[in-house]
Amino acid sequence: MKKTVIQVNIKCQKCKTDVLKATTKLSGIQEVSVDGEKELLSVVGDVDPVLVVKNLRKIGKVAKIISVGPPKSEKPKQSPKKPCNLPPCCNDCQLVAVGFSQDYNGGCHIL
């Protein structure tokens with residue numbers, strides 16, 4: 001799988017729709033995105049970049065391949081760490097403070 005970035009002349013919403021229609025006809029595409037402001041088309045999947053450009057030129061668009069390479073892999077989101085390491089059975093329990101005082105002759109007491 002690879003990510004292909006193609007520069008295409010996109011001037012309006014109709015141009016954007018036409019570009020998407022011409023691109024999604026090809027097999028092997030996982031994801032397609034269009035940036036209208038930068039006039040860039042990004043295609044992720046197992047598709048030949050030359051075929052994408054060929055389909056765009058068939059509909060009258062000027063297209064130029066900017067880059068072809070591996071897609072950026074998203075880092076898995078880490079779950080927030082719990083403040084303490086309680087066993088799974090104690091997730092609903094509340095912590096109790098326990099202290100020790102040398103002034104008290106009985107040992108420890110619960111606060």
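**Entry 1: Val-8**

I began with Val-8, which is buried at a relative accessible area of 1%, where buried means under 20% relative accessible area, exposed over 50% and partly exposed in between, with a 1.4 Å probe and protein chains only. The model is a predicted one, in which local features need pLDDT of at least 70 and side-chain atom pairs count only at pLDDT 80 or more, while totals for chains, interfaces and linings use all residues. Residues are numbered from 1 along each chain as its sequence is written, and side-chain values use heavy atoms, with hydrogens and water left out.

I found Val-8 in strand S1; helices (H or I, at least four residues) and strands (E, at least two) are DSSP runs, numbered from the N terminus. Leaving out residues up to four places away in sequence, I listed what Val-8 touches: Val-19, Glu-39, Leu-41, Leu-56, Lys-61, Val-62 and Ala-63, a contact being heavy atoms within 4.5 Å. I then looked up one of these partners, Leu-56, and noted that Val-8 and Leu-56 are 48 residues apart in sequence, yet 8.2 Å apart in space from C-alpha to C-alpha.

**Entry 2: the whole chain**

I next stepped back to the chain, whose secondary structure comes to two helices and six strands, in the pattern β-α-β-β-α-β-β-β when read along the sequence. Of the 111 residues in the chain, 24% are buried. Among contacts between residues at least 6 apart in sequence, I noted that 59% join residues at least 24 apart.

**Entry 3: the sheet**

In what order do the strands of the open sheet lie? I read the order as S2-S3-S1-S4, four strands with antiparallel pairing, where two strands pair if DSSP finds at least two bridges between them. Strand S2 (29–35) and strand S4 (63–69) are the edge strands, each pairing on one side only. From one strand to the next, the twist averages 20°, with axes being lines fitted to C-alpha atoms, for helices over the stretch in contact, and angles running from 0 to 180 degrees between N-to-C directions.

I followed S3 on both of its sides. Strand S1 (residues 2–8) and strand S3 (residues 40–45) run antiparallel and are joined by six bridges; Lys-3 has Val-44 as its bridge partner in S3, and Val-5 stands opposite Ser-42. S2 and S3 are also antiparallel, over six bridges, and here Ser-33 has Ser-42 as its bridge partner, while Asp-35 has Leu-40. I noted that S3 is mostly covered, with five of its six residues buried. Between S2 and S3 there is a hairpin with four residues in between, and in its turn Glu-39 has a positive phi of about 55°.

**Entry 4: helix H1 and Thr-23**

I looked up helix H1 (residues 13–24), which lies across S1, S2 and S3 and runs at about 165° to S2. Thr-23 is found in this helix, and I checked whether Thr-23 is buried or exposed: Thr-23 is buried, with a relative accessible area of 1%. Leaving aside neighbours within four places in sequence, Thr-23 is in contact with Ile-29, Val-32, Leu-41, Val-43, Val-52 and Leu-56.

**Entry 5: salt bridges**

How many salt bridges does the structure hold? I found two, a salt bridge being a side-chain nitrogen of Lys or Arg within 4 Å of a carboxyl oxygen of Asp or Glu. One joins Lys-11 to Glu-39, with the closest N and O atoms 3.0 Å apart. This pair links distant parts of the chain, with Lys-11 in the loop between S1 and H1 and Glu-39 in the loop between S2 and S3, 28 residues apart. Lys-11 is exposed at 66% relative accessible area, whereas Glu-39 counts as buried at 18%.

Another salt bridge joins the side chains of Lys-14 and Asp-18 (3.1 Å, N to O). Both residues lie in helix H1, four residues apart, which is about one turn of the helix. Lys-14 is exposed, at 55%, and Asp-18 counts as partly exposed, at 26%.
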